[in-house]
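This briefing walks through selected features of the model shown below, grouped by topic. Please keep the sequence and the structure side by side while reading.

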Amino acid sequence: MQTTQLTASDLSPLTPAYDSILTLAPYQTGKPIEELTREYGVSDVVKLASNENPMGCSPRVTLAVTEQLGQLSRYPDGNGYYLKQALSDFNDVNANQITLGNGSDDLLDILARSFVGADDAIVYSQYAFVVYPMLAKMQGATGIEVPAQRFGHNLKAMSQAVQDNPNTKIVFIANPNNPTGTQLEQKELRQFVASVPSSVLVVLDEAYIEYSPESNNRALLDEFDNVIIVRTFSKAYGLAGLRVGYALSSVAVADLLNRIRQPFNVSRIGLAAAAAALADQDFIEKNSSDK
Ligand SMILES: Cc1ncc(COP(=O)(O)O)c(C=O)c1O
């Protein structure tokens, strides 16, 4: 992977949309096990880098995927009707409050593209998910990193940062956090959301929610139109290889995001697999809880 600095002259006479794009380092993914095996001749690799699920996924997924194999020449349902119905029941929201993504990374990207311009700012915590600062750079926006408190989000300082930067459009909060594993109390988080202007979108990234059900802040959606919850099938559901995530928001925000996303951003196999995985909550109970 290329990691050396890319300069304006490397591209000249072409120019990127924003100078900040040149300062982006390529995302360093954990190497696939196949690559490690090839490179070092080792077997029995335990890969921890990308928080994948070592327990695999529900056996129901295999069946659902197999059923799709005869349909691969057909585009997927661009609206993800069945998966949205299942998610709507599961999360007690209307289907028109849901946006599906090619992994939750896709949704974070769609959010930044939908709301953040070059004069705007994105606020996030030190030691939070590495993609948030990248999104600020991609949009030519200002990324404001707020120093962490005991390796977690310092919500008071983040609220102050929003106040000090009236051009803030999005605050990203990973709860539970990756990579430090911290989690926020519901009361504290509610106070934070109430403290920021309603023109600021508060994105609660709940990629690891199944491992910490007490961090579920679904209730905030009913109270605040500027809250959006982003979740994924990559972690507890064990579908990282298929790339499916979803966002829960107000109807208006979902309407906007659905205009910005690619028309077929979740594959036919991804849609079927996610619906099957969601239906097997026993798998989640057995493999995610510490009981
Ligand atoms: C906090 C957090 N958010 C989002 C993601 C993106 O996950 P995916 O795009 O696989 O849904 C990750 C993946 O590691 C993560 O740790």
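Which residues are exposed on the other side of helix 3? They are P59, T62, L63 and E67, which lie across the helix from its buried side. The model is a predicted one, and the points below take up two helices, one buried asparagine, the enclosed and open spaces, and some backbone details.

**Helix 3**

- Helix 3 spans residues 59-68, and its buried residues are V61, A64 and Q68; seen down the helix axis these fall within an arc of 65°, so they line one face of the helix.
- Helix 11, made up of residues 268-279, is included in what covers the buried residues of helix 3.
- The N-terminal end of helix 3 is capped by S58, which places a side-chain oxygen 3.0 Å from the backbone nitrogen of R60.

**Helix 10**

- In helix 10, which runs over residues 251-260, the residues V253, A254 and L257 are buried; they cover an arc of only 100° around the axis, which puts them on the same side of helix 10.
- The face of helix 10 that is turned away from this buried side carries the exposed residues A252 and R259.
- Three elements pack against the buried residues of helix 10, namely strand 1 (98-101), helix 5 (104-115) and strand 6 (227-232).

**N91 and its surroundings**

- N91 belongs to helix 4, which covers residues 81-91, and N91 counts as buried because its relative accessibility is 6%, with the cut-off for buried set at under 20%.
- Leaving aside residues up to four places away in sequence, N91 touches R218, R231, Y246 and L248.
- With Y246, N91 also shares a polar contact of 3.3 Å between the two side chains.
- N91 and R218 stand 127 residues apart in sequence, yet their C-alpha atoms are 7.7 Å apart in space.

**The cavity**

- The structure holds 1 cavity of 30 Å³ or more, and the volume of the largest cavity is about 50 Å³.
- The lining of the largest cavity is formed by D77, G78, N79, G80, K84, L100, N258, R261, P263, N265, V266 and L271.
- By residue type, this lining of the largest cavity divides into 4 nonpolar, 5 polar and 3 charged residues.

**The largest pocket**

- The largest pocket has a volume of about 730 Å³, and it is lined by 32 residues, of which Y27, S50, D105, F129 and K235 lie nearest its centre.
- Helix 5 and helix 6 are the elements that give two or more residues to the lining of the largest pocket.
- The residues that line the largest pocket comprise 16 nonpolar, 9 polar and 7 charged ones.

**Backbone details**

- As background to the points that follow, most peptide bonds are trans, and most residues other than glycine have a negative phi.
- S12 and P13 are joined by a cis peptide bond with an omega of about 10°, and P13 has its place in the loop between helix 1 (8-11) and helix 2 (33-40).
- Another cis peptide bond joins N175 and P176, with an omega of about -5°; P176 is found in the loop between strand 4 (168-174) and helix 8 (186-195).
- D44 is a residue other than glycine with a positive phi, near 55°, and its position is in the loop between helix 2 and helix 3.
- What is the relative accessible area of D44, and is D44 buried or exposed? The value is 79%, so D44 is exposed, the cut-off for exposed being over 50%.
- Y127, although not a glycine, has a positive phi of about 60°, and Y127 lies in the loop between strand 2 (121-125) and helix 6 (131-138).
- Y127 counts as partly exposed because its relative accessibility is 39%, which falls between the cut-offs of under 20% for buried and over 50% for exposed.

Notes. Residues are numbered from 1 along each chain as its sequence is written. This is a predicted model: local features need pLDDT of at least 70, side-chain atom pairs count only at pLDDT 80 or more; totals for chains, interfaces and linings use all residues. Side-chain values use heavy atoms; hydrogens and water are left out. Buried means under 20% relative accessible area, exposed over 50%, partly exposed in between (1.4 Å probe, protein chains only). Helices (H or I, at least four residues) and strands (E, at least two) are DSSP runs, numbered from the N terminus. The arc is that of the directions from the helix axis to the C-beta atoms. Contact means heavy atoms within 4.5 Å. A polar contact is a pair of N or O atoms within 3.5 Å; within protein, one must be able to donate a hydrogen and the other to accept it, and residues adjacent in sequence count only if both atoms are side-chain atoms. On a 1 Å grid over the protein atoms alone, a cavity is a set of points where a 1.4 Å probe fits but cannot get out, and a pocket is an open set with protein on both sides within 12 Å along at least five of seven lines; lining residues have an atom within 4 Å of a point. Grid points are joined across faces, edges and corners, and a volume is the space filled by probe spheres set on the points. Ala, Val, Leu, Ile, Met, Phe, Trp, Tyr, Cys and Pro count as nonpolar, Asp, Glu, Lys and Arg as charged, and the others, Gly among them, as polar.
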